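Thanks for coming, everyone. I'll keep this short and take one part of the fold at a time. Please bring up the model.

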Amino acid sequence: MGLPNFRFKLPSRNWLIFLSVTGSFTTAVLYDRYHKQRNQQRWCNLVSHIAQETLPPNRMPRRVTIFLSAPPGDSLRAAREHFHEYVKPVLVAGAMDWDVIEGRREGDVRAGLAEKIRKRRRKEGEKGTAVDSSERPEEKDDLVQQLRDTMRITESEGVQGDLILGRHTWKEYVRGLHEGWLGPLDPPPDTTPLENTPKPSTDPPALEDATSTINSSPEANDPLNQSSNSETPPENAEKPKEEKKEEKPKKAVQVPPYIPPTISEYNSARLPPSIPETLPPCTVIPLPHLLGFLNTPIRIYRFLNRRHLADETGREVAALVLASHIQAWTTREPFASSADPDASSSTTTIATVQLEGHWEQQGVLQEEERDWHKSAWKTIEDEQERILKNPMVIESRIGGRMRRFEMGTEEYERAKSDEGKDPAAKGLLDRVKEMVGWEEDRTVKGWEHGFVEVESA
């Protein structure tokens, strides 16, 4: 008995094609995943020293505000998954705390940020004309703050900031800043909540006619039939209660805008006395989101190059966590902030002429507008405002107070230099080479490691 005589030969042509295609795609996915983890770990290591710092027991950690909304044509789940995959690891490594303002539809982030600013203005002592601040009911956040004041828990002394995901959320964020600081504290009298109310039907009341015909029939006036109907218990008596339980909760009503998004309205508005000299700094995170079956090749290319997105996102989030460099926004040359890509060049020129001030904020992540779903450019009737379709308008008093986080040169060089020092960041092949001795420094081989001390002794 001996070994079987195996004949080694190349597989068939079809098997070679299948193995080459699947092997190449699998290798590309594993390579991208490996470098994506290394890029994220590099920025996590850069901010990990903040988590080692001790805090007094009565002081809260540094808190930032996260703004995310559903991309055009998709649900909020895409933005949440992007946050958990690219942003959250760096925030957790830096021991950061955060609040989230989400938007399931267009305008929710704008309304949430504007209401947050109006609450801050009321706490600073400003009063509206419609409802006095003493008559407003206490909210959950106010009760929590009162409890913290009672227990002498203080906020962090670090720089607070905002983190915005995507161009669509950034446009709502800028709109909410202007509405909150330049708009009134009380809603205008001619605004109504934005909700889908059913239209009254013009059909004749068929149900009343049917009941009247049943009551007018001779069988209904018969005393025998009335007695029999009264003795039998109604079978559908408990159905209305069950139907009430099955009713879906109503959607949250979106607060309408308090001030129109025009440069003339912004210039005529008065600044509140409680506005600070500089607004909280912010950073904008890219959120590439492309839909459509015909865009499958582009989506596959982006799927195989997520390491670059992780590197860019990690750098911006690390700059927010470190908060060592804060810069002011500058002005740029005139350009169209938002225009329909399917429209002619005349639309672009009109959008450019409508803008009086051209700020750097208007061009942030402008390339993402090409990937938006076509529903973002449609005109819907009975709608007061389309933030995504309209051009971004920035008033000089608000734009001059806006700040942004920026990664310093020293921190960036330190992150690059510490890339290979972390053992966890090394791959399996690098660790095997280090164990065997196949490194750049080949003075000592792997099999000679055990005899170094003996020879020296």
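**Two strands and the helix between them**

Start with one pairing: Val64 has Trp98 in β2 as its bridge partner. That pair belongs to a parallel pairing of β1 with β2, which runs over seven bridges. To get from β1 to β2, the chain passes through α2, and this β-α-β crossover is right-handed. Keep in mind that this is a predicted model.

Now the overall picture. The chain has 16 helices and six strands. Of its 457 residues, 34% are buried. Take the contacts between residues at least 6 apart in sequence: 85% of them join residues at least 24 apart.

Back to α2, residues 76–93. Does the length expected from 18 residues agree or disagree with the model? At 1.5 Å a residue, the helix should span 26 Å. Its end C-alpha atoms are 25 Å apart, so the two agree. Still, α2 bends by about 50° at Val87. A proline, Pro89, follows within four residues. Just past the helix, Ala95 has a positive phi of about 55°.

Which residues of α2 are buried? They are Leu76, Ala78, Ala79, His82, Phe83, Tyr86, Val87, Val90, Leu91 and Ala93. Note that Val87, where the helix bends, is in that list. And what do these buried residues pack against? There are two helices, α1 (13–51) and α11 (306–322). There are also the strands β1 (63–69), β2 (97–103), β3 (161–165) and β4 (282–285).

Next, α11. Its 17 residues should span 24 Å at 1.5 Å a residue, and its end C-alpha atoms are 24 Å apart, so that agrees too. This helix is mostly covered, with 13 of 17 residues buried. Just after α11, Ala323 takes a positive phi of about 55°.

One residue to finish: Ser69. It sits in strand β1. Is Ser69 buried or exposed? Its relative accessibility is 1%, and the cut-off for buried is under 20%, so Ser69 counts as buried. What does its side chain meet? There is a polar contact with the side chain of Thr169, at 2.8 Å. Beyond its neighbours within four places in sequence, Ser69 touches Leu76, Ala79, Gly103, Val109, His168 and Thr169. Leu76 and Ala79 are among the buried residues of α2. So here is the link back to the helix: Ser69 in β1 is in contact with Leu76 and Ala79.

That's the tour. Over to you.

Methods:
Residues are numbered from 1 along each chain as its sequence is written. This is a predicted model: local features need pLDDT of at least 70, side-chain atom pairs count only at pLDDT 80 or more; totals for chains, interfaces and linings use all residues. Side-chain values use heavy atoms; hydrogens and water are left out. The expected span of a helix is 1.5 Å times one less than its number of residues. The bend at a residue is the angle between axes fitted to the seven residues ending there and the seven starting there. Buried means under 20% relative accessible area, exposed over 50%, partly exposed in between (1.4 Å probe, protein chains only). Contact means heavy atoms within 4.5 Å. Two strands pair if DSSP finds at least two bridges between them. A crossover is right-handed if, with the strands pointing away from the viewer, the path from the first strand over the helix to the second runs clockwise. A polar contact is a pair of N or O atoms within 3.5 Å; within protein, one must be able to donate a hydrogen and the other to accept it, and residues adjacent in sequence count only if both atoms are side-chain atoms.
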